[in-house]
Amino acid sequence: MRIVLLGAPGAGKGTQAKILIEKYGMPQISTGDLLRAAVAAGTALGKEAKSYMDKGELVPDSVVLGMVEERLKQDDCKKGYILDGFPRNTAQAEALDKMLASLNMSLTAALSVDVPFEDLMKRLTGRRTCKGCGQMYNIYFKAPAKDGACDKCNGELFQRDDDKEATIKKRLEVYTAQTEPLIGYYKSKGIVKSVSGTGSIDEIFKKVTEVLGLK
Ligand code: AMP
């Protein structure tokens, strides 16, 4: 399957993508993860991207499009892929359509994970990640046994720079203005499948497999 994941920051797209990968073995292409890796590696691209990310703004399309195209051309994407956090605006969606047409791998589905706006704020401001193993927590919904430490490896938990409150407000505004209209864009192509993103991770995943027709 070739899937685009749609949904606000904090809707749980990344979590569902990770389970799909574990179960079905297709690669997840997360532009947020690719950009954070570039920031951590201190590359020129990473330095440019960080200034936008810290403000909650979108990184310029030219930076992101090149990164995605390079990734889609790798062999593992031949068996399908999940795009997570990309496209984020209509220009990226149109560029993606062209790219996929030339690679002969157009989209099977656009999966929209819907979560009420009030819930998103808590999900995002409460998010903490382990510096050691990357395990994710939420201080409101999935707190670690010991404050600030990972249950698995005792590593230090940190808050992503772009999960601070002011940045989150901006990210949600950017989502409403630029990314949400993509649901209409893909509806006009007849490939949107929607699931409610509230409930347990397993419940949501069950609905995801149903709407995507996966066994
Ligand atoms: P995410 O983890 O997907 O929420 O992405 C974190 C941040 O990375 C966003 O707030 C943007 O600054 C940047 N970013 C990720 N994906 C894209 C994209 N497709 N286009 C532009 N900026 C992006």
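Visitor: What makes up the lining of the second largest pocket, by class?
Guide: This is a predicted model. In it, the lining has 3 nonpolar, 1 polar and 6 charged residues. Asp, Glu, Lys and Arg count as charged. R36, K50, D54, R160, D161 and D162 are among the lining residues, so they fall in that class.

Visitor: Which residue of this lining is polar, and how do you know that?
Guide: Q159 is in the lining. Gln is neither on the nonpolar list nor on the charged list, so Q159 counts as polar. V39, M53 and F158 also line the pocket. Val, Met and Phe count as nonpolar.

Visitor: What volume does the second largest pocket have, and which elements give two or more residues to its lining?
Guide: The volume is about 180 Å³. The elements are α2 and α3 (44–55). The largest share, 3 residues, comes from α3.

Visitor: How do you know where empty space is left?
Guide: A probe the size of a water molecule is rolled over the atoms, and that shows it.

Visitor: Which helix gives the largest share of the shell around the ligand?
Guide: Helix α2 (residues 31–41) does, with 4 residues. In total, 16 residues surround the ligand. T31, R36, E57, Q92 and R171 are the closest. The shell divides into 6 nonpolar, 4 polar and 6 charged residues.

Visitor: Why is the pair between T31 and the ligand called a polar contact?
Guide: The cut-off for a pair of N or O atoms is 3.5 Å. A ligand nitrogen is 2.8 Å from an N or O atom in the T31 side chain. That is within the cut-off, so the pair counts. For R36, an N or O atom of the side chain is 3.0 Å from a ligand oxygen. For Q92, a polar side-chain atom lies 2.9 Å from a ligand nitrogen. The protein covers 94% of the 480 Å² of accessible area that the ligand has on its own.

Visitor: Why is Q28 called buried?
Guide: Buried means under 20% relative accessible area. Q28 has 17%, so Q28 counts as buried. Q28 sits in strand β2 (residues 28–30). Its side chain makes a polar contact of 2.8 Å with the side chain of D84.

Visitor: And K73, why is that residue called exposed?
Guide: Exposed means over 50%. K73 is at 52%, so K73 counts as exposed. K73 lies in the loop between α4 (61–72) and β3 (81–84).

Visitor: How many residues separate K73 from R36 in sequence, and what is their distance in space?
Guide: They are 37 residues apart in sequence. From C-alpha to C-alpha, K73 and R36 are 21 Å apart.

Definitions and conventions:
Residues are numbered from 1 along each chain as its sequence is written. This is a predicted model: local features need pLDDT of at least 70, side-chain atom pairs count only at pLDDT 80 or more; totals for chains, interfaces and linings use all residues. Side-chain values use heavy atoms; hydrogens and water are left out. A residue is near a molecule or strand if one of its heavy atoms lies within 4 Å of it. A polar contact is a pair of N or O atoms within 3.5 Å; within protein, one must be able to donate a hydrogen and the other to accept it, and residues adjacent in sequence count only if both atoms are side-chain atoms. Accessible areas come from the Shrake-Rupley method with a 1.4 Å probe; for residues, only the protein chains shown count as cover. On a 1 Å grid over the protein atoms alone, a cavity is a set of points where a 1.4 Å probe fits but cannot get out, and a pocket is an open set with protein on both sides within 12 Å along at least five of seven lines; lining residues have an atom within 4 Å of a point. Grid points are joined across faces, edges and corners, and a volume is the space filled by probe spheres set on the points. Buried means under 20% relative accessible area, exposed over 50%, partly exposed in between (1.4 Å probe, protein chains only).
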